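Here are some notes on the model you sent, set out as numbered points. They begin with a single helix and its surroundings, and then move to the cores, one arginine and the DNA.

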Amino acid sequence: MPELPEVETIKRELSPQVVGQSFTGVDILDAQLVSGISVEEFRRKLTGQAIQSLERRGKYLIFELSKGDSLIIHLRMTGALLLNPKGIVRHARAIFHLSHDIQLVFSDFRRLGVLCLVEDADVVVGKLGPEPLSESFTPDILARRLAKHHIPVKAALTDQTIIAGVGNMYADEALFAARIHPLRKAHALSVDEIQTLYQSIRQVLCSAIDSKGASVATYLRPDGQLGMAQFDFKIAHRGGQPCSLCATLIERVLVRNRSSYFCPRCQPLVESSPLFPG
DNA sequence: CTTGGGACCTGGCTGC
DNA sequence: TGCAGCCAGGTCCCAA
């Protein structure tokens, strides 16, 4: 499932191959893929534009185009971008034709992914919260944003308007690393807990990028290779297995209808004691 | 406005 | 062997 580390990996591996190239055509095999405008208009506007840069914002990939437009791709659950694939790509939804006979195939077997072509990228990504790996993201910013929400901290971490790019897997990993139960209220975390959580989020994301993302389901890198970050998971998708720290069996609880895995011993569900009791 | 829950999507897996 | 139902989760939409 593409979250920040997976999308960042795709951006890094795709950029050197496609930046500077031009779209010579596009085959949309699934009209539902294109959001906002018709397939015809999408094809007409895209064709002929060169890719000036490739950026990532949260889980979105943004192709900055030569006429000022932005091609924005969200892979959702099962989307993948394959560069010059050999043979038939299963579940191909769109084929981008680039100069120098480059083909970029968008495959997405659950068809939740979205493409859009806009003049102003902020229309799509403007509401996203801060980038957790940016230098300007600080523990204080995390604290202020969490303090506004009386919701489970797990739900807060996966809310893209609070913090961008963190999804279900890495939220579980960060909460385990910080020893915080997923159902703890976001606004009720202590200063120390937020400091630890801040470091955990960044460490978990950086480590996953180093491993080229996690191939737990259908995630593939543009060259078709797998990521390796899933081998570092300590809690995500490990329900029923022993905790790596204390051997207690890992449990699963639904938070906002999403599976959350946690160690009931390492991540107890108790609110932190107030800083100044009495 | 805030919060929570369901819908969308598809295929692998489990249990009867 | 067949089949119903669960499960995966990013985001949108609706209701309380």
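1. Just after helix 2, G48 adopts a positive phi of about 100°. Please keep in mind, here and in every point below, that this is a predicted model.

2. Helix 2 itself spans residues 39-46, and its buried residues are V39, F42 and L46. Viewed down the helix axis, these buried residues fall within an arc of 60°, so they line one face of helix 2. The face turned away from that buried side carries E40 and R44, which are exposed. As for what lies over the buried residues of helix 2, the cover includes strand 1 (23-28), strand 3 (60-65), strand 4 (70-74), strand 6 (92-98) and strand 8 (114-118).

3. The largest nonpolar core has 34 residues, and those touching the most other members are L142, L146, L157, Y170, L197 and I201. Two or more residues come from each of helix 4 (139-147), helix 5 (153-157), helix 6 (168-177) and helix 7 (191-210), with helix 7 giving the most to this core, namely eight residues. L197 can serve as an entry point when you inspect the region: setting aside residues up to four places away in sequence, L197 touches L142, L146, V153, L157, A174, L175, A178, I180 and L189. There is also a second, separate core of 32 residues, with V18, F63, L98 and Y219 among them.

4. Is R56, a residue of strand 2 (residues 51-57), buried or exposed? R56 has a relative accessible area of 15%, under the 20% limit, and therefore counts as buried. Its side chain reaches the backbone oxygen of G58 at 2.9 Å, and a polar contact, likewise of 2.9 Å, joins the side chains of R56 and E131. Apart from neighbours within four places in sequence, R56 is in contact with L4, V7, E8, K11 and E131.

5. Turning to the DNA, strand B is surrounded by 13 residues, of which F109, R111, L112, H150 and R256 are the closest. Of the atoms of DNA strand B that come within 4 Å of the protein, 75% belong to sugar and phosphate. Several side chains can be placed against its phosphate oxygens: a polar side-chain atom of R111 lies 2.6 Å from one, a polar side-chain atom of H149 lies 3.3 Å from one, and for N257 the distance from a side-chain N or O atom is 3.2 Å. Sorted by class, the surface near DNA strand B is made up of four nonpolar, five polar and four charged residues.

6. Which residues come nearest to DNA strand C? Out of the 16 residues around DNA strand C, they are H74, M77, L112, R258 and S259. Sugar or phosphate supplies 60% of the atoms of DNA strand C within 4 Å of the protein, and bases supply the rest. Strand 10 (residues 258-262) gives the most to this surface, with three residues, and by class the surface has four nonpolar, six polar and six charged residues.

7. The phosphate oxygens of DNA strand C deserve a separate look. An N or O atom in the side chain of S259 is 2.4 Å from one, whereas a polar side-chain atom of R252 lies 2.9 Å from a phosphate oxygen of this strand. For E3, a polar side-chain atom is placed 3.5 Å from a phosphate oxygen of DNA strand C.

Conventions
Residues are numbered from 1 along each chain as its sequence is written. Chains are lettered from A and ligands numbered from 1 in the order in which they are written. This is a predicted model: local features need pLDDT of at least 70, side-chain atom pairs count only at pLDDT 80 or more; totals for chains, interfaces and linings use all residues. Side-chain values use heavy atoms; hydrogens and water are left out. A residue is near a molecule or strand if one of its heavy atoms lies within 4 Å of it. A polar contact is a pair of N or O atoms within 3.5 Å; within protein, one must be able to donate a hydrogen and the other to accept it, and residues adjacent in sequence count only if both atoms are side-chain atoms. Ala, Val, Leu, Ile, Met, Phe, Trp, Tyr, Cys and Pro count as nonpolar, Asp, Glu, Lys and Arg as charged, and the others, Gly among them, as polar. Buried means under 20% relative accessible area, exposed over 50%, partly exposed in between (1.4 Å probe, protein chains only). Helices (H or I, at least four residues) and strands (E, at least two) are DSSP runs, numbered from the N terminus. The arc is that of the directions from the helix axis to the C-beta atoms. Contact means heavy atoms within 4.5 Å. A nonpolar core is a set of buried Ala, Val, Leu, Ile, Met, Phe, Trp, Tyr and Cys residues joined through side-chain atoms within 4.5 Å.
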